[in-house]
Structures are given as C-alpha cells and as structure tokens.
Amino acid sequence: MFREVSDTAVLVDRSLVFIIGTAIAFLAVVTALMLYFVVRYRASRHPVAENPDREGSTALEVAWTVAATLLVILMFWFGWRDFAYLRTPPADALRVRVTAQEWSWRFTYAGGRESDVLRVPLGRPTRLDMTSLDVIHSAYIPAFRIKEDVVPGMTTHLWFTPKEAGKYDLFCTEYCGEGHSHMRAVVDVVPEAAFAVWLGEGAAAGPPQGEAVLKEKGCLGCHAIDGPGPVAPGFRGLYGSTVTVVTGGAERTIPADEPYLRRSIVDPAADVVKGYPNIMPRMPLDSAELDAVVAALKALGGTRP
C-alpha cells in the first residue's frame, strides 16, 4: 500500500492501517445500522411505538463494552510494542552525531568526518544522537516515518534501518525562525561498500577546503555562491568590493577585505549587511576551517554577476 523504505516505516504503517481500518469498519457498521433502523422503524410504518416500556439488554451492553475494551487494549499493545522498538536502537548501530543550528544540519561520524548530507549504509541500523546549538528544532524523515525534537542542552536520538538505496528528505518541523523553511538536508542511503569508501576518504582527507566547509557547515542554506542567497548575500564578488552595513544601529560603507570577512564569520552581528536580517549564528569553525573559508571567499572575489 505504501512505499516502505525502512523498518520503522513498516511498523508505523502497520499500526496506522490497523487503526484506520478499524475506524472505517466501525463507521460502516454504525452507518449501516443507522440506515436500517431509519427505514425499518420510520414513522409511516410505525406511527405508534410497539413496546414503549421495553428495557435495554444487559447482555448486549456487557458484550459491546467488553468488545470495545479489548479492541482498545489491542490498539494500545500494537502502539506500545512499536514504540518500544522505535526507542531502543541496537547496540551495534552506526552512530552519527547530529548538530542542528539555525538553519542547517551537520552530521559528524566516527573519525571526525563531517557532512551536510546524512550518508548511511543500506541495511545497517543507524542511530542519530542529536543536539541543538541554539533553539528547539525537530528532525523529520517522512520516508522513514520518524521524527524527534532536537533540543539545546540535551541529546535526543532516532534510529532506523534503511531498506532501499536512494535519497530522502530530512526536514525541520519545529518553527525555528526566519530561515526555518530552508532548514533541510538529504539522507543518502548507499551500499555498505560505497559508504565505507566514502567514510575512509574523509578520514584520509587533507586540510579543509573552503567551499567544502561552506557546504558542510550549512552556510549555503542561506548564502549562495553566485547571486544573493535566500536570506543572505552571495559570495562571488564579495571580497574586494564595498558593502553598506549596519553597525550599532548606524549605517556605514566599508571595504570587504580580509578582516571584514573574518569578523563577519566570527561575530556575524557586528556588521549586518544592509537589507538583510540579523539572523546569522556564530559559526562553529576551528582555525583551519576559518582560514579555508576566508581563502575560498577571497578566491571568489571580483565582479559580481
């Protein structure tokens, strides 16, 4: 009936079909009985009640009460069993640390490899250990039927076992500010061998590359390489130009030199580009990553398209 690309999707769909199917069955029975009684005992056929003093049936009342109770217990059992499964990840699951921040996702693997794409191996359980650097977010992978809040100051988790290779959407479903609709990522399910190669390439990688850091840290969710981003300036042609910024409530025009680039990354609220909201968070970059990003932005300098 549904495309079930993970074990969690199978469980959720099964419970959903059972509950909806039961509701539809009861709706059909109640509707049929209602129509039958409307027709069978309509006033034109029975202008006078046949037995106005008839009392109810104790046996019938007990029977439907017991049946309804057993049905509710059965629904509860299905839900509890599946909930316990969804909340208990296997001990051998691949662990990925997920960091949410306005408005991007960052995925960190054993060995330190980071990515803005959640790449996971096909057929192997994956556990997401999630936290937020700012406000409450919520990780939702519709194809896997899983969702969990990502809360600052604590670690929450999700887990799943993908059954089909492919790319699937990951959304934030907790309104987290102006860029909320842009806070999305991709879950890339690949064969185990391909995943091992990719993970190994990350471990063997040299110094960070600026454009790769921009992508992995989620900068391109708001900015863009060419032209303005959704809620932030573009990068090409920025270095070497002049920009009008708001500093302490006052406008000023300054050169977009290297100190400006570094200051804008380390302290984004210091000089806010005129016409854009003050929404950029402090970026979690180490010194090597910061140098790489600045070098990349300088390389993109020149005439804006």
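# Worked exercises on a predicted model

Thr156 sits in strand S8, which covers residues 156-160. That is our way into this structure, which is a predicted model.

**Exercise 1. Work out whether Thr156 is buried or exposed, and find what its side chain reaches.**

Solution. Start with the surface. Thr156 has a relative accessible area of 9%. The cut-off for buried is under 20%, so Thr156 counts as buried. Next, look for a polar partner: the side chain of Thr156 gets to the backbone oxygen of Asp149, at 2.7 Å. Finally, check who else is around. Leaving out residues up to four places away in sequence, Thr156 touches Leu128, Asp129, Met130, Glu148, Asp149 and Val150.

**Exercise 2. Find where Phe144 is placed, and say which residues it touches.**

Solution. First, place it: Phe144 is in the loop between strand S6 (137-141) and strand S7 (146-150). Then check its surface. With a relative accessible area of 0%, Phe144 is buried. Now list the neighbours, again skipping residues up to four places away: Val5, Ser6, Thr8, Ala9, Phe160, Pro162, Tyr168, Val187 and Val189.

Step back to the core. The largest nonpolar core has 36 residues, and Phe144 is among those that touch the most other members, along with Trp105, Phe107, Leu118, Phe160, Leu170 and Val187. There is also a second, separate core of 19 residues, with Cys219, Ile225, Tyr260 and Leu297 among them.

**Exercise 3. Follow Thr8: which helix holds it, and which backbone oxygen lies 2.7 Å from its side chain?**

Solution. Thr8 belongs to helix H1, residues 7-40. Its relative accessibility is 0%, so Thr8 is buried. A polar atom of the Thr8 side chain lies 2.7 Å from the backbone oxygen of Phe144. Beyond its neighbours within four places in sequence, Thr8 contacts Leu86, Phe144, Arg145, Ile146, Trp159 and Phe160. Try the view from Phe160 as well: Thr8 is one of the residues it touches, and the list also includes Asp7, Leu118, Arg124 and Ile141.

**Exercise 4. Look for backbone oddities: which residue other than glycine has a positive phi, and which two residues does a cis peptide bond join?**

Solution. Begin with the background. Most residues other than glycine have a negative phi, and most peptide bonds are trans. Now to this model. Arg145 has a positive phi of about 60°, though it isn't a glycine. You'll find Arg145 in the loop between S6 and S7. Arg145 is partly exposed, at 23% relative accessible area. As for the cis bond, it links Glu102 to Trp103, with omega at about -5°. Trp103 lies in the loop between strand S1 (94-101) and strand S2 (104-108).

**Exercise 5. Sort the residues of helix H5: which are buried, where do they fall around the axis, and what do they pack against?**

Solution. Pick out the buried ones in H5 (residues 258-266): Tyr260, Leu261, Ser264 and Ile265. Look down the axis of H5 and these buried residues fall within an arc of 130°, so they line one face of the helix. Next, see what they meet. The buried residues of H5 pack against strands S11 (242-247), S12 (250-255) and S13 (272-273), plus helix H6 (287-299). Last, check the start of the helix: Asp257 caps the N-terminal end of H5, with a side-chain oxygen 3.0 Å from the backbone nitrogen of Tyr260.

**Exercise 6. Describe the largest pocket: what is its volume, and which residues are closest to its centre?**

Solution. The largest pocket has a volume of about 720 Å³. It is lined by 42 residues, and His223, Ala232, Pro233, Phe235 and Met280 are the closest to its centre. Now move from residues to elements. Helix H4 (210-216), H5, S13 and H6 are the elements that each give two or more residues to this lining. H5 gives the most, with four residues.

One last link ties this back to Exercise 2. Ala232 and Phe144 are 88 residues apart along the chain, and their C-alpha atoms are separated by 32 Å.

Notes: Residues numbered from 1 in each chain as written. Predicted model: local features only at pLDDT ≥ 70, side-chain atom pairs only at ≥ 80, totals over all residues. Heavy atoms only, no water. Core = buried A, V, L, I, M, F, W, Y, C linked by side-chain atoms within 4.5 Å. Buried < 20%, exposed > 50% of the residue type's maximum accessible area, 1.4 Å probe, protein only. Contact = heavy atoms within 4.5 Å. Arc of directions from axis to C-beta. Polar contact = N/O pair within 3.5 Å; in protein donor to acceptor, adjacent residues only side chain to side chain. 1 Å grid on protein atoms, 1.4 Å probe; cavity = no way out; pocket = protein on both sides within 12 Å on 5 of 7 lines; lining within 4 Å. Points joined across faces, edges and corners; volume = space filled by probe spheres on them.
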